[in-house]
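Hello,

Here is the structure I promised to pass on. My notes follow below it; have a look and tell me what you think.

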Amino acid sequence: MLNGKQKRYLRSLAHHLDPVFQVGKNGTNDHLIRHIVEAIEKRELMKVTVLNTCLEDRAEIGAELAEKSGAELVQVIGKVIVLYKESKDNKEIQLPK
């Protein structure tokens, strides 16, 4: 579980990142989750965009993506979801205490 200081730090790192995946009108599915798990292992921090065609609530999508991928939900702001998961092999981000 991330504390407030760690979330602020991760948000500052994520500010300059481009979204990697998009959630469309079909919402989330196992295929998308699998790709997120693979990508977040290499990146540790990533953005996912929710398109306007998606009818589900963005906060619920963020919580679902975080839960199913084993990541931490850093932020849901507008159409953008920020996820973080510590990498086992490619650890680059040092979180503040």
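Among the elements of the chain in this predicted model, strand 4 (residues 80-84) has the highest mean pLDDT, 97, and helix 2 (residues 30-43) the lowest, 94. pLDDT is the predictor's confidence in each residue, from 0 to 100; helices (H or I, at least four residues) and strands (E, at least two) are DSSP runs, numbered from the N terminus. The chain average is 93, and 100% of the residues score at least 70.

On conventions: residues are numbered from 1 along each chain as its sequence is written, and side-chain values use heavy atoms, without hydrogens and water. As this is a predicted model, local features need pLDDT of at least 70 and side-chain atom pairs count only at 80 or more, while totals for chains, interfaces and linings use all residues.

The largest nonpolar core (buried Ala, Val, Leu, Ile, Met, Phe, Trp, Tyr and Cys residues joined through side-chain atoms within 4.5 Å; buried is under 20% relative accessible area, 1.4 Å probe, protein chains only) has 17 residues. Ile36, Met46, Val48, Leu65 and Leu83 have the most contacts inside it. Helix 2 gives the most to this core, five residues. A second, separate core has eight residues, including Leu2 and Val74.

Ser87 sits in the segment after strand 4 and is buried, at 4% relative accessible area. Leaving aside neighbours within four places in sequence, Ser87 is in contact (heavy atoms within 4.5 Å) with Glu41 and Glu44. A polar atom of the Ser87 side chain lies 2.7 Å from the backbone oxygen of Glu41, and this side chain also reaches the backbone nitrogen of Asp89 at 3.4 Å.

Best wishes

How values were computed
Buried means under 20% relative accessible area, exposed over 50%, partly exposed in between (1.4 Å probe, protein chains only). A polar contact is a pair of N or O atoms within 3.5 Å; within protein, one must be able to donate a hydrogen and the other to accept it, and residues adjacent in sequence count only if both atoms are side-chain atoms.
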